[in-house]
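Reader: I'd like to go through this one with you. Can we take it interface by interface, then look at the rest?

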Amino acid sequence: MCIPCKALPTGIVTCLQSIQNSSGSHLYTPSSSMYLNDRLGFNNIFDHKPSAIFHPGSEADAATVIVCAAAHNVSIAPRSGGHSFERYSGSGKDGSLVIDLSLFQQIAIEHDTGIATVGAGTRLGPLYTRLWNAGEYLVPAGSCPSVGICGHALRGGMGMVGRKYGMLSHNIVSLTMIDANGDILEISATSRPDLFWALRGAGGGSFGLVTEFRIQAYKAPATITTVVAMYPWSMHHVVMEAFGIWAKTATDDLTPLLYINHDIVAIMGTFLGPRDEANAVFKPLYELTGPPEHSAFNEGTWYAVAMWAKIEGSKVENPIAKHDRTYRSPSLLYRQPISDSEMTTFSRYLSSPPNNLNSRISSQTAHSSGPTLEAYQNYIERDIPNGLQAYYGDNMPRLIEIKKNVDPDNIFTFPQAIPLK
Ligand SMILES: Cc1cc2nc3c(=O)[nH]c(=O)nc-3n(C[C@H](O)[C@H](O)[C@H](O)COP(=O)(O)OP(=O)(O)OC[C@H]3O[C@@H](n4cnc5c(N)ncnc54)[C@H](O)[C@@H]3O)c2cc1C
């Protein structure tokens, strides 16, 4: 297979070959037939060519690979579900060594504590399915079943019950990470607390290779109601304002979102309880907006709600990660109500969207909103102005100190990784 790419130093190739096939580990280099397909991520706007892709079958093999890579100064990109919008699990450039965790699929639950042990290659759909089948447990996380747990949990992970249970990262009790020396570290609030803090939000790709999580799971309520309330497009301004007022004070049992495009204005939500209670929660909203044009309140179980994930068009329990997507989803955090002039810019954009809907909308809108730009690092965007400041704000100095301690030679890196200075 002849794809131009930077070859690995001979020493590291020998090292990788010496452990491939041990514990089921395997290695794909550009000359392997599997390499072409395996190097693809969810988003293929970018086409990076790693020097090799290693699938460790054990923590010991992963640690050996990290030590070999560090000795030859080859940078490492860990990969879990491969859903980074900027392909950072391909390291965002050619020539890195990708360590793919897909063989780490273990899921187990301790019934007395509700703590789930989850392997770093697990995707959200199988996680939801296995926890549900183990005793109707849920964990708060995103809606698409093929998203991998690592990028998601290490940078946040928000989803359909986040108002009540927080992000997935808030529910990490402890984790296992292999550092740049190949040491296997157990990390929790009491063991390496600084690293524990850093990994729960800034952890993807910057500090080491996470292999396993312990996550707090919750017994799902018996009944959950999914809600959709739709309005005519002409009401988008009114609905946006009303949503801002109402959602702030609505009960945490409801996780609502407002979806607007050039012809749809919809409030969707997941309510932890029965339909009549959900109806009561929406009453104050309707006092502000008037009745919606169409609404649907459907009762079901948590696992039925997780089926929202069908929007991705793949099976929840066994999602197929597609490699044919070419879009990005940038983000922007607004802490203040959207002003009238921002609303006008937004309306103009929505009523006449440019043909090429790329990430620049977030930066453009942000520029009009003032100097302090904040954004969500799981919707990472290469072109965002002052990205590290936008994603990590005042936490940067502390994150840099932690990076210097745990990865002083910057082996774990990508274009928007936590830097050494
Ligand atoms: C279709 C789709 C739907 C989405 N839905 C949601 C949603 O509902 N809610 C939400 O919050 N986000 C959502 N996202 C964003 C998603 O959370 C992020 O893209 C997330 O980082 C993907 O995680 P991953 O493991 O699949 O990605 P990867 O590309 O594998 O990894 C992302 C980053 O984490 C690093 N990383 C991966 N594995 C490890 C590891 N073992 N140790 C250390 N670092 C590691 C990678 O190097 C990379 O920098 C969605 C994304 C897509 C494409």
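Reader: How many residue pairs are in polar contact across the interface of domain 1 and domain 2?
Author: This is a predicted model, and the rule finds 5 such pairs across that interface, with both residues at pLDDT 80 or more.

Reader: And how many salt bridges across the interface of domain 1 and domain 2?
Author: The count there is 0.

Reader: Which helix gives the most to the side of domain 1 that touches domain 2?
Author: Helix H3, residues 59–71, with 6 residues. By class, that side of domain 1 has 7 nonpolar residues, 3 polar and 1 charged.

Reader: What area is buried between domain 1 and domain 2?
Author: About 1100 Å², and carbon and sulfur atoms give 66% of that.

Reader: Where are the domain bounds?
Author: The domain assignment puts domain 1 at 10–100, domain 2 at 107–219 and domain 3 at 224–300. In the contact between domain 1 and domain 2, 11 residues come from domain 1 and 21 residues from domain 2. The C-alpha centres of these two domains lie 22 Å apart.

Reader: Switching to records. What does UniProt place at residues 46–220?
Author: The unreviewed UniProt entry has "domain: FAD-binding PCMH-type" there. In the model, residues 46–220 are 25% helix and 26% strand, with the end C-alpha atoms 39 Å apart.

Reader: Back to charges. How many salt bridges does the structure hold?
Author: The total is 11. One of them joins the side chains of Arg79 and Asp38, at 3.3 Å from N to O.

Reader: Where do Arg79 and Asp38 sit in the chain?
Author: Arg79 is in strand S3 (residues 76–79) and Asp38 in helix H2 (residues 35–38). The two are 41 residues apart, so the pair links distant parts of the chain.

Methods. Residues are numbered from 1 along each chain as its sequence is written. This is a predicted model: local features need pLDDT of at least 70, side-chain atom pairs count only at pLDDT 80 or more; totals for chains, interfaces and linings use all residues. Side-chain values use heavy atoms; hydrogens and water are left out. Domain bounds come from an automatic or database domain assignment. Contact means heavy atoms within 4.5 Å. Buried area is the accessible area (1.4 Å probe) that two parts lose on being put together, summed over both. A salt bridge is a side-chain nitrogen of Lys or Arg within 4 Å of a carboxyl oxygen of Asp or Glu. A polar contact is a pair of N or O atoms within 3.5 Å; within protein, one must be able to donate a hydrogen and the other to accept it, and residues adjacent in sequence count only if both atoms are side-chain atoms. Helices (H or I, at least four residues) and strands (E, at least two) are DSSP runs, numbered from the N terminus. Ala, Val, Leu, Ile, Met, Phe, Trp, Tyr, Cys and Pro count as nonpolar, Asp, Glu, Lys and Arg as charged, and the others, Gly among them, as polar. UniProt positions are given in the numbering used here, feature names are shortened, and annotations may be inferred rather than shown by experiment.
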